[in-house]
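Subject: Structure for your files

Dear colleague,

Please find the structure below, with the sequence. My notes on what was found in it follow.

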Amino acid sequence: MFMKTAKVTRGGQISIPASIRRRWGTSTLKLEDLGDRIVITPAPDDPIAAARGALTSELSMSSSQLRARAREAEMQAERRRHAAK
């Protein structure tokens with residue numbers, strides 16, 4: 001774990017130390033304002049390339065298998081809606 005303090009410039013910029021940039025291998029960051037703190041999280045420079053492979057199991061199925069899975073998911077959702085009434 002590494003904690004460092006950074007100054008914010010008049011232009012609203014901060015510098016991320018090179019060791020941290022190299023460790024995370026990205027120049028893109030996600031900033032979350034949680035009210036009492038700001039969370040900085042590494043984000044992929046190329047989100048599309050980072051997402052490759054996420055749907056591999058679905059894409060390895062035939063279209064009829066995908067339709068069957070979608071129908072089953074719809075039926076389960078419908079059953080949950082009726083059970084909640």
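Two strands count as paired if DSSP finds at least two bridges between them. The model is predicted, and in it β1 and β2 pair in the antiparallel sense over 6 bridges. One of the bridge partners is V39 in β2, which is matched with E32. The two strands form a hairpin with 4 residues between them. In the turn, G35 has a positive phi of about 90°.

The hairpin also contributes to a nonpolar surface patch. V8, I14, L29, L31, I38 and I40 form this patch, and together they have about 580 Å² of accessible area. β1 (28–33) and β2 (38–43) each supply at least two of its residues. I40 lies in strand β2. At 40% relative accessibility, I40 counts as partly exposed, because that class covers values between 20% and 50%.

As for the whole protein, there are 4 helices and 2 strands, in the order α-β-β-α-α-α along the sequence. Of the 85 residues, 5% are buried. Residues 24 or more positions apart account for 2% of the contacts with a separation of 6 or more. The protein exposes about 7900 Å², of which carbon and sulfur atoms supply 56%.

On confidence, the average pLDDT is 83, and 85% of the residues score at least 70. Among the elements, β1 has the highest mean pLDDT (92), while helix α3 (residues 56–59) has the lowest (63). Where pLDDT is low, the predicted coordinates should not be read in detail.

Regards

Methods
Residues are numbered from 1 along each chain as its sequence is written. This is a predicted model: local features need pLDDT of at least 70, side-chain atom pairs count only at pLDDT 80 or more; totals for chains, interfaces and linings use all residues. Side-chain values use heavy atoms; hydrogens and water are left out. Patches are made of residues with over 30% relative accessible area and no salt bridge: like charges are joined within 9 Å, nonpolar side chains (Val, Leu, Ile, Met, Phe, Trp, Tyr) within 5 Å. Accessible areas come from the Shrake-Rupley method with a 1.4 Å probe; for residues, only the protein chains shown count as cover. A salt bridge is a side-chain nitrogen of Lys or Arg within 4 Å of a carboxyl oxygen of Asp or Glu. Buried means under 20% relative accessible area, exposed over 50%, partly exposed in between (1.4 Å probe, protein chains only). pLDDT is the predictor's confidence in each residue, from 0 to 100. Contact means heavy atoms within 4.5 Å.
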